[in-house]
Amino acid sequence: MKKTLSIIALSVIGFGFVSCKKENKENQEKLLTERPEIHRNGPADSAGAAAATPETAAPAPVSNQPLTTIALSESNFDFGKVKKGDKVQHVYEITNTGSNPLVISEVKPGCGCTVPDFTKEPIMPGKKGKITLHFDSTNFDGNVNKYADVFANVEKAPIKLTFTANIQP
């Protein structure tokens, strides 16, 4: 009797998980249809990890600001040789080339070794803002490829910023 109840309980719990995943997927598909600006179809990160699937991806921050356009000074940076344990940083300059204020809502790094800092106030048309990525090389050896996703009121968000480094002993 206990065995039967245990099997039934596990079945109900398993069904609940499947139902939640299906519901989340349906909600995300609905959002993608209704709000195409939050569609996340970026490539896998340059370290080779697969891009997040709709079931595992955190919902993209959605801005209710009117869309604008941007220009980046660069989207990839190479630190070159970095001594293991060094903390380095790079500033990516972003220019609002559109006609509406640019609002950066969030910068999400690919891992905990990278910490972002960015212009929090709206960037007016024609003006520049900054996104700084701080990288701690303590736990790495050899070549590394890292990224951060920038969420802003632009059509193709998130914007992927990447950097590489060759960590030396």
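**Notebook: strands, rings and charges**

I began with the pairing of E2 and E8: these strands run parallel and are joined by six bridges. I note at the outset that the model is a predicted one. Within this pair I looked for a facing position and found Lys81 opposite Asn166, the latter in E8.

**Entry: the sheet**

I then asked in which order the strands of the open sheet follow one another. The four strands are arranged as E2-E8-E7-E4, and their pairing is mixed. I recorded that E2 and E4, the latter spanning 104-109, are the edge strands; each has a single partner, so one side of each lacks a neighbour in the sheet. On average, neighbouring strands of this sheet are turned by 20° against each other, with direction ignored.

**Entry: aromatic rings**

I counted the aromatic pairs and obtained four. One of them is formed by Phe79 and Phe163, which meet edge-to-face, with 5.4 Å centre to centre and 80° between the planes. I looked up where the two rings sit in the chain: Phe79 belongs to strand E2 (residues 76-83) and Phe163 to strand E8 (residues 159-168), so that this pair links distant parts of the chain, 84 residues apart. I also checked accessibility. Phe79 has a relative accessible area of 16% and is buried; Phe163 is buried as well, at 1%.

I next examined Phe135 and Phe140, whose pair is tilted, with 5.6 Å centre to centre and 40° between the planes. Phe135 is buried, its relative accessible area being 1%. For Phe140 the value is 17%, and this residue also counts as buried because the limit is 20%.

Which residues make up the aromatic cluster? I found that Phe77, Phe79, Phe135, Phe140 and Phe163 form one cluster.

I made a separate note on Phe118: Lys120 lies over the face of this ring, at 4.1 Å from the ring centre.

**Entry: salt bridges**

I turned to the charged side chains and counted four salt bridges. In one of them, the side chains of Lys84 and Asp141 meet at 3.1 Å, N to O. Lys84 is placed in the loop between E2 and strand E3 (87-96), and Asp141 in the loop between strand E6 (128-136) and strand E7 (142-152); the pair therefore ties together parts that are 57 residues apart in sequence. I recorded Lys84 as partly exposed, with a relative accessible area of 33%, and Asp141 as exposed, with 56%.

I then looked up the partner of Lys128, which is Glu93; their closest N and O atoms are 3.2 Å apart. Since Lys128 lies in strand E6 and Glu93 in strand E3, this salt bridge ties together parts 35 residues apart in sequence. Lys128 counts as exposed at 56% relative accessibility, whereas Glu93 counts as partly exposed at 30%.

My last salt bridge was that of Asp149 with Lys160, in which the closest N and O atoms are 3.0 Å apart. Asp149 lies in strand E7 and Lys160 in strand E8, so the parts tied together are eleven residues apart in sequence. Is Asp149 buried or exposed? I found Asp149 buried, at 7% relative accessibility, while Lys160 is partly exposed, at 25%.

**Entry: looking back at E8**

I closed by returning to E8, which holds Phe163 of the edge-to-face pair and Lys160 of the salt bridge with Asp149. In the sheet order, E8 stands between E2 and E7.

Technical notes:
Residues numbered from 1 in each chain as written. Predicted model: local features only at pLDDT ≥ 70, side-chain atom pairs only at ≥ 80, totals over all residues. Heavy atoms only, no water. Phe/Tyr/Trp six-rings, centres within 6.5 Å; stacked < 30°, edge-to-face > 60°. Helix = DSSP H or I, 4+ residues; strand = E, 2+ residues; numbered from the N terminus. Buried < 20%, exposed > 50% of the residue type's maximum accessible area, 1.4 Å probe, protein only. Lys NZ or Arg CZ within 6 Å of the ring centre and 35° of its normal. Pairing = 2+ DSSP bridges. Axes fitted to C-alpha atoms, helices over the stretch in contact; angles between N-to-C directions.
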